Amino acid sequence: MLRLLFFIPLLLSPNFSNAQLLSEDDKQRHFVAGAAIGGISYGIILQETENKHLAFWGSIATSFVAGYLKETRDKRQGAKFDDRDLLATTLGGLSIGVTFDIFTRNGRKKGRIFNIKL
């Protein structure tokens, strides 16, 4: 819960409240890639450590690193380093990290990782 209180003002700040960010097709792809990478890393970290907090921060960190490496590669190929692409990728990891953090179980329990019953 404390993490959510930390991120709400951060997301509402002028630096992150660019309404046009995800309207571009390229930014949407970066967001989806960040969410996929963040989701995979969240699951792997949670399974190995059974630590929700570490998995949450790991999902954000891995999506940031993936976005940074992609933009660095683009810059080496002659394109510019696009901060907004990096932001979209990181926001994808953040969104999936928050979502998974809400729905994952607390503590050590045998059985399911997620509390969703079908």
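## Salt bridges, buried polar residues and a surface patch

At 47% relative accessibility, arginine 73 counts as partly exposed. In this predicted model, arginine 73 forms a salt bridge with aspartate 74, and the closest N and O atoms of the two side chains lie 3.9 Å apart. That distance falls inside the 4 Å cut-off for a salt bridge. Aspartate 74, in contrast to its partner, is buried, because its relative accessible area of 14% is under the 20% limit.

**Salt bridges**

The pair just described belongs to a wider set, since a search of the whole structure finds 6 salt bridges. Salt bridges that share partners join Asp26, Lys27, Asp82 and Asp85 into one network. Within that network, aspartate 85 pairs with lysine 27, with 2.8 Å between the closest N and O atoms. Aspartate 85 lies in helix H4 and lysine 27 in helix H2, so this pair ties together parts that are 58 residues apart in sequence. Both partners are buried, aspartate 85 with a relative accessible area of 5% and lysine 27 at 4% relative accessibility.

A further salt bridge joins the side chains of aspartate 25 and arginine 29, at 2.9 Å from N to O. Here both residues belong to helix H2 and are 4 residues apart, about one turn of the helix. Aspartate 25 counts as partly exposed at 44% relative accessibility, whereas arginine 29 is exposed, with a relative accessible area of 57%.

The three pairs treated individually in this report are set side by side below.

| Acidic residue | Basic residue | Closest N to O |
|---|---|---|
| Aspartate 25 | Arginine 29 | 2.9 Å |
| Aspartate 85 | Lysine 27 | 2.8 Å |
| Aspartate 74 | Arginine 73 | 3.9 Å |

**Buried hydroxyl residues**

Aspartate 85 also takes part in a contact through its backbone, for the side chain of threonine 89 reaches the backbone oxygen of aspartate 85 at 2.9 Å. Threonine 89 is found in helix H4, which covers residues 83-103, and is buried, with a relative accessible area of 3%. When residues up to four places away in sequence are not counted, threonine 89 touches His30, Phe31, Gly34, Ser63 and Gly67. Among these neighbours, Phe31 and Gly34 fall within the residue range 25-49 of helix H2, while Ser63 and Gly67 fall within the range 52-76 of helix H3.

Serine 41 is found in helix H2 (residues 25-49) and counts as buried at 9% relative accessibility. A polar contact of 2.8 Å joins its side chain to that of threonine 62. Threonine 62 appears again among the residues that serine 41 touches, which are Gly58, Ser59 and Thr62 once residues up to four places away in sequence are left out. These three contacts carry numbers inside the range 52-76 of helix H3.

**A nonpolar surface patch**

Helix H3 (residues 52-76) also contains valine 65. Valine 65 counts as partly exposed, because its relative accessibility of 43% lies between the 20% and 50% limits. Together with Phe64, Tyr68 and Leu69, Val65 forms a nonpolar patch on the surface, and the four residues have about 390 Å² of accessible area together.

Notes:
Residues are numbered from 1 along each chain as its sequence is written. This is a predicted model: local features need pLDDT of at least 70, side-chain atom pairs count only at pLDDT 80 or more; totals for chains, interfaces and linings use all residues. Side-chain values use heavy atoms; hydrogens and water are left out. Patches are made of residues with over 30% relative accessible area and no salt bridge: like charges are joined within 9 Å, nonpolar side chains (Val, Leu, Ile, Met, Phe, Trp, Tyr) within 5 Å. Accessible areas come from the Shrake-Rupley method with a 1.4 Å probe; for residues, only the protein chains shown count as cover. Helices (H or I, at least four residues) and strands (E, at least two) are DSSP runs, numbered from the N terminus. Buried means under 20% relative accessible area, exposed over 50%, partly exposed in between (1.4 Å probe, protein chains only). A polar contact is a pair of N or O atoms within 3.5 Å; within protein, one must be able to donate a hydrogen and the other to accept it, and residues adjacent in sequence count only if both atoms are side-chain atoms. Contact means heavy atoms within 4.5 Å.
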